[in-house]
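Reader: I am new to this structure. Could you pick one spot in it, look at it closely, and then work outwards from there?

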Amino acid sequence: MIYHEDIFYPSEKDALMKLVSPIEDDARHKAFILPHMALEYIAHLYRKAFASIPDGTRIIGLFPLHREVLERDKGTMLFSSETRDENTPLGTVRIEALPFPSASPYEEEEYSMELLLPFIAYHNPKSVFHPLFVSVKNSEDMKKLSRILSGYDDGNTVFIISSNMTGRLDDGIEEERNEAVNLILSSEHLMDAWMKGKLKACGAPLAEAVTRFTGGRWKLIGISEKETKAGHAAFILEDE
């Protein structure tokens, strides 16, 4: 289901196409961190990332939950979008479920997944998309997530982590964002920094889980064109 068009991105085809294109193919990469906010301010970062994702590559999206899971889902960490064809103004995206509980109750509140759909429809129409919504609480959860995800690392899969660099802030956004960027670039154990409150990036545990089985170092590819209420930056994982 589409819930967030005309809020975080336009539903009108021509307006959306101006944000999504052009995408010029670049060297292939396996993992990315992309921010979530109004697409007009971060579309250039998404274009850079998708330039490194060949059409036909399986795409696993990792989206941190920003709320507690429902009472019925207590003790569950991973939730998968259900199999369907999602129609966008730029084409159809094939979504296929992975063997985890349904993410349907969370999709209406978490808009981050929808931001990827126009880019997949435009640049990767032959790719299959597996959205996973994740609730990691501690290091054991992160390690378990890493073990699970490693089973999908087949040489034709990319992992896109949705994460802002800060929580909601009224001031000091750029300073806290830059501190988060430096932590990610330093290859410090992100989970430790997150648990200690040094790093507020919502997807930090997911980034740590991915780097545990992929290796490599994060490279900054850019920041938001405008900061509103939080700090935003994007990264590509490069081989060491």
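**From one loop outwards**

Author: Ala-201 is found in the loop that joins helix H7 (190-195) to helix H8 (204-214). Helices (H or I, at least four residues) and strands (E, at least two) are DSSP runs, numbered from the N terminus. The model is predicted, so local features need pLDDT of at least 70 and side-chain atom pairs count only at pLDDT 80 or more, while totals for chains, interfaces and linings use all residues. Residues are numbered from 1 along each chain as its sequence is written, and side-chain values use heavy atoms, with hydrogens and water left out.

Ala-201 counts as buried because its relative accessibility is 1%; buried means under 20% relative accessible area, exposed over 50%, and partly exposed in between (1.4 Å probe, protein chains only). Leaving aside neighbours within four places in sequence, Ala-201 is in contact (heavy atoms within 4.5 Å) with Ser-163, Asn-164, Met-165 and Trp-194. The C-alpha atoms of Ala-201 and His-232 are separated by 9.3 Å, although these residues are 31 apart along the chain.

Next comes the helix after this loop. The axes of helix H5 (residues 139-150) and H8 come within 8 Å and cross at roughly 50 degrees. That angle makes H5 oblique to H8, since angles under 35 degrees count as roughly parallel, over 145 as roughly antiparallel, 65 to 115 as roughly perpendicular and the rest as oblique. Axes here are lines fitted to C-alpha atoms, for helices over the stretch in contact, and angles run from 0 to 180 degrees between N-to-C directions. On the H5 side the contact is made by Met-142, Lys-143, Leu-145, Ser-146, Leu-149 and Ser-150, and on the H8 side by Pro-205, Leu-206, Glu-208, Ala-209, Val-210, Arg-212 and Phe-213. By class, this contact of H5 with H8 has eight nonpolar, two polar and three charged residues. Ala, Val, Leu, Ile, Met, Phe, Trp, Tyr, Cys and Pro count as nonpolar, Asp, Glu, Lys and Arg as charged, and the others, Gly among them, as polar.

Now the cores. The largest nonpolar core has 44 residues, and those with the most contacts inside it are Leu-39, Phe-50, Ile-59, Leu-116, Phe-119, Phe-129 and Ile-160. Such a core is a set of buried Ala, Val, Leu, Ile, Met, Phe, Trp, Tyr and Cys residues joined through side-chain atoms within 4.5 Å. Helix H4 (residues 112-123) gives the largest share of the 44-residue core, seven residues. Apart from the largest core lies another, of 36 residues, with Val-134, Leu-149, Met-191 and Ala-209 among them.

H4 is mostly covered, with 11 of its 12 residues buried. Within H4, Leu-116 touches Leu-34, Tyr-46, Phe-50, Phe-63, Phe-129 and Ile-160, not counting residues up to four places away in sequence. Ser-112 is also in H4 and counts as buried, because its relative accessibility is 3%. With the sequence neighbours up to four places away again left out, Ser-112 touches His-36, Phe-63 and Ser-162.

Some backbone details remain. The peptide bond from Ser-21 to Pro-22 is cis, with omega near 0 degrees, and Pro-22 sits in the loop between helix H1 (13-20) and strand S1 (31-34). Asp-6, in the segment before H1, has a positive phi of about 70 degrees although it is not a glycine. Asp-6 is exposed, with a relative accessible area of 56%.
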